[in-house]
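Please look over the sequence and the structure below before reading on. The briefing then goes through them topic by topic.

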Amino acid sequence: MRQESHETQQAQETQQPQEPQRPLVILIGPPGSGKSAVGPLLADRLGVEFRDTDAEVGAAAGKPVSDIFIENGEETFRELERATAASALDALRQHGGVLALGSGAVLDAGIQHLLDGLPVVYLSAEFGTVARRIGLDRPRIVVPGNPRGRLRAMLDERDTIYQRLAAVTVPTDDLDPDELAAELAARITKK
């Protein structure tokens, strides 16, 4: 009799409805590819939370990411970014959501490992698109160094990593954020 009630309890436990798994998506790509613009729209369409690691790093430091680079250096920024990304990815695994990962976070081997097996979407964009979106396409006073050359080198360096980490690559050059969010939401909800 005791075994019978144990079997009945097990049967009831397996019949209890499981909480549906919440969608989760990680958006990666270069600056200006649309992660911060598309992310909130996609999250809204999926009914989940949106997080942006660059915004969170800036909020934690009390200043914009660009100021952290200038005032504290790239190494300090990368440490903050690594901790923020790891925390955000952990929360995403537990609760679902959409995460815009800072463009350089993928350079960290630990972050690459944390992305393993997660639905990563690479928002790709051509050099001209990125340059226009981040403001490097306008004539300006001569800036020491070569910002456009450094941008091209950065894009070339990271493209291979983005492609390797991504389950899906979506070119963003000719899509506005609303169109892109609708396309991604349709792909995600079909699965």
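What follows is a short briefing on the overall build, the nonpolar cores, the salt bridges, one pocket and two prolines.

The model is predicted. The protein contains 9 helices and 5 strands. Of its 191 residues, 38% are buried.

**Overall build**

- Along the sequence, the helices (α) and strands (β) come in the pattern α-β-α-β-α-α-α-β-α-β-α-α-β-α.
- Among contacts with a separation of 6 or more, 74% are between residues 24 or more positions apart.
- The protein exposes an area of about 11,400 Å². Carbon and sulfur atoms supply 50% of that area.

**Nonpolar cores**

- In soluble globular proteins, nonpolar side chains tend to be buried together.
- The largest nonpolar core in this model has 20 residues. Those with the most contacts inside this core are I26, I28, L89, L99, L101, V106 and L115.
- Strand 1, helix 5 (74–95), helix 6 (109–115), strand 4 (120–124) and helix 8 (147–165) each supply at least two residues of the largest core.
- Helix 5 gives the most to the largest core, with 4 residues.
- Another core, of 15 residues, lies apart from the largest one. Among its residues are V25, A43, V98 and A185.
- Leaving out residues up to four places away in sequence, L99 touches V25, I26, L27, R51, D52, T53, A88, L89 and L92.

**Salt bridges**

- Side chains of opposite charge can pair when their charged atoms come close.
- How many salt bridges does a search of the whole structure find? The search finds 6 salt bridges.
- One salt bridge joins E56 and R51, with the closest N and O atoms 2.7 Å apart.
- Is R51 buried or exposed? R51 has a relative accessible area of 19%, so it counts as buried, the limit being under 20%.
- E56, its partner in the salt bridge, is partly exposed, with a relative accessible area of 24%.
- Another salt bridge joins the side chains of E74 and R78, at 3.1 Å from N to O.
- E74 and R78 are 4 residues apart in helix 5, so about one helical turn separates them.
- R78 also forms a salt bridge with E81, and here the closest N and O atoms are 2.7 Å apart.
- R78 and E81 both lie in helix 5, and they are 3 residues apart, about one turn of the helix.
- Together, E74, R78 and E81 are linked in a network of salt bridges.
- Within this network, E74 is partly exposed, with a relative accessible area of 41%. R78 counts as buried, at 14% relative accessibility. E81 is buried as well.

**The second largest pocket**

- Rolling a probe the size of a water molecule over the atoms shows where empty space is left.
- The second largest pocket has a volume of about 200 Å³.
- Its lining is made of 13 residues. Of these, A125, E126, F127, L155 and D159 lie nearest the centre of the pocket.
- Which elements give two or more residues to the lining of the second largest pocket? They are strand 4 and helix 8.
- Helix 8 provides the largest share of this lining, with 5 residues. Strand 4 and helix 8 also each supply at least two residues of the largest nonpolar core.

**Two prolines**

- Where is P31 found? P31 is in the loop between strand 1 (24–28) and helix 2 (35–46).
- P31 has a relative accessible area of 24%, so it is partly exposed.
- In sequence, P31 and S124 are 93 residues apart. In space, their C-alpha atoms are 9.9 Å apart.
- P177 is in helix 9, which covers residues 177–190.
- P177 is partly exposed, with a relative accessible area of 33%.
- P177 and P40 are 137 residues apart in sequence, and 9.7 Å apart in space from C-alpha to C-alpha.
- Setting aside neighbours within four places in sequence, P177 is in contact with A37, V38 and L41.

Technical notes
Residues numbered from 1 in each chain as written. Predicted model: local features only at pLDDT ≥ 70, side-chain atom pairs only at ≥ 80, totals over all residues. Heavy atoms only, no water. Buried < 20%, exposed > 50% of the residue type's maximum accessible area, 1.4 Å probe, protein only. Core = buried A, V, L, I, M, F, W, Y, C linked by side-chain atoms within 4.5 Å. Contact = heavy atoms within 4.5 Å. Areas by Shrake-Rupley, 256 points an atom, 1.4 Å probe, with all protein chains shown as cover. Salt bridge = Lys/Arg side-chain N within 4 Å of Asp/Glu carboxyl O. 1 Å grid on protein atoms, 1.4 Å probe; cavity = no way out; pocket = protein on both sides within 12 Å on 5 of 7 lines; lining within 4 Å. Points joined across faces, edges and corners; volume = space filled by probe spheres on them.
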